[in-house]
Amino acid sequence: MTRTSLAALGALFLAASAHALEDLPDSCASDLSSAVYTSRDEADQAELQCDIDRADLLVRRADTIFVTAKTPLMRIVDTAAPSGAAYVYDVVDASGTMMLDARTVPVGDDVKVPMCRLQTQLPTAVASKVALSLLTAGGTDVPAYGNRQKMVTNADGSRSFELLLSSHDVVTLIETTNGPRHFSRHAEATDSIAELNRSVIGVANFSDGWVCNTN
């Protein structure tokens, strides 16, 4: 029995507007929301590959603007930040110290934002979370493609789940002890990968070390 993936429908409900300013890779070119899959895993894999390829395009664009030298232990690509730009956050090992290399990436010619970069040491608490993810995120108990829903605590203390319809995706690459793994989460997700993303991005958000080219 076949069915259309609710995850695909939810993730691409607003895709036309969200992706209008960025080039779409071949894996995203077809209308995934109308595709019919034989399993949830198959649908999620299609969505994941689209998100990975979108993130790779943004990383390549960042690499044409900023010179980078090291392969990151962890990379986070926020494909649709509130500023209108995308951001690449690399965690790299600098002689045993975890450094954050964060960069602004334009998503299209019509988006005019300063090109900014932050290079700073990760706080110990955040570095410890990253180090732990290298050991644990390789397990099959951590899904690669996260459900597009968030848990809501109701007034009476009960919990329910709200479907996330926007396509604000955050794509993560972690060099786990079992090899590199990609993850895709909605920006409002609340699982362990999403919380790890927020910890790293939070360092950048509260840093005054950004250097910007406003030309």
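Two strands count as paired if DSSP finds at least two bridges between them. Keep that cut-off in mind for this predicted model.

**Exercise 1. Pair β1 with β2.**
Task: Find the bridge partner of M74 in β2, and decide whether the two strands pair in the parallel or antiparallel sense.

Solution.
1. Locate the strands. β1 covers residues 74–78, and β2 covers 86–94.
2. Find the partner. M74 is bridged to V91 in β2.
3. Apply the cut-off. β1 and β2 share five bridges, in the antiparallel sense. At least two are needed, so the strands pair.

**Exercise 2. Lay out the sheet.**
Task: Give the strand order of the seven-stranded open sheet and name its edge strands.

Solution.
1. Write the order: β8-β7-β1-β2-β3-β4-β9. The pairing is antiparallel.
2. Look at the ends. β8 (179–186) and β9 (211–213) are the edge strands. Each of them pairs on one side only.
3. Add the twist. Ignoring direction, neighbouring strands are turned by 15 degrees against each other on average.

**Exercise 3. Place two helices on the strands.**
Task: Which strands do α5 and α6 lie on, and at what angles do they run?

Solution.
1. Start with α5. This helix lies across β1, β2, β3 (97–105) and β7 (169–176). Its angle to β7 is about 70 degrees.
2. Move to α6. This helix packs on the sheet and touches β1, β2, β3, β4 (115–121), β7 and β8. The directions of α6 and β1 make about 80 degrees.

**Exercise 4. Pack helix on helix.**
Task: Describe how α5 packs with α6, then sort the contact residues by class.

Solution.
1. Take the geometry. α5 spans residues 124–136 and α6 spans residues 192–205. They pack at about 145 degrees, with axes 10 Å apart. The crossing is left-handed.
2. List the contacts. α5 gives V126, K129, V130 and S133. α6 gives L196, S199, V200 and V203.
3. Sort them. Five are nonpolar, two are polar and one is charged.

**Exercise 5. Explore the largest pocket.**
Task: Which element supplies the largest share of the lining of the largest pocket?

Solution.
1. Note the volume: about 390 Å³.
2. Go to the centre. Of 21 lining residues, D78, P82, Y89, I201 and N205 are the closest to it.
3. Trace the elements. β2 and α6 each supply at least two lining residues. The largest share, seven residues, is from α6.
4. Sort by class. The lining holds 12 nonpolar, seven polar and two charged residues.

**Exercise 6. Read a hairpin.**
Task: How many residues lie between β5 and β6, and which residue in the turn has a positive phi?

Solution.
1. Set the strands. β5 (residues 149–153) and β6 (residues 159–163) run antiparallel, joined by five bridges.
2. Check positions across the pair. V152 has S160 as its bridge partner. K150 stands opposite E162.
3. Close the turn. Five residues lie between the strands of this hairpin. G157 in the turn has a positive phi of about 95 degrees.

Methods: Residues numbered from 1 in each chain as written. Predicted model: local features only at pLDDT ≥ 70, side-chain atom pairs only at ≥ 80, totals over all residues. Heavy atoms only, no water. Axes fitted to C-alpha atoms, helices over the stretch in contact; angles between N-to-C directions. Helix = DSSP H or I, 4+ residues; strand = E, 2+ residues; numbered from the N terminus. Left-handed = near helix turned anticlockwise from the far one by under 90°. Contact = heavy atoms within 4.5 Å. Nonpolar A, V, L, I, M, F, W, Y, C, P; charged D, E, K, R; others polar. 1 Å grid on protein atoms, 1.4 Å probe; cavity = no way out; pocket = protein on both sides within 12 Å on 5 of 7 lines; lining within 4 Å. Points joined across faces, edges and corners; volume = space filled by probe spheres on them.
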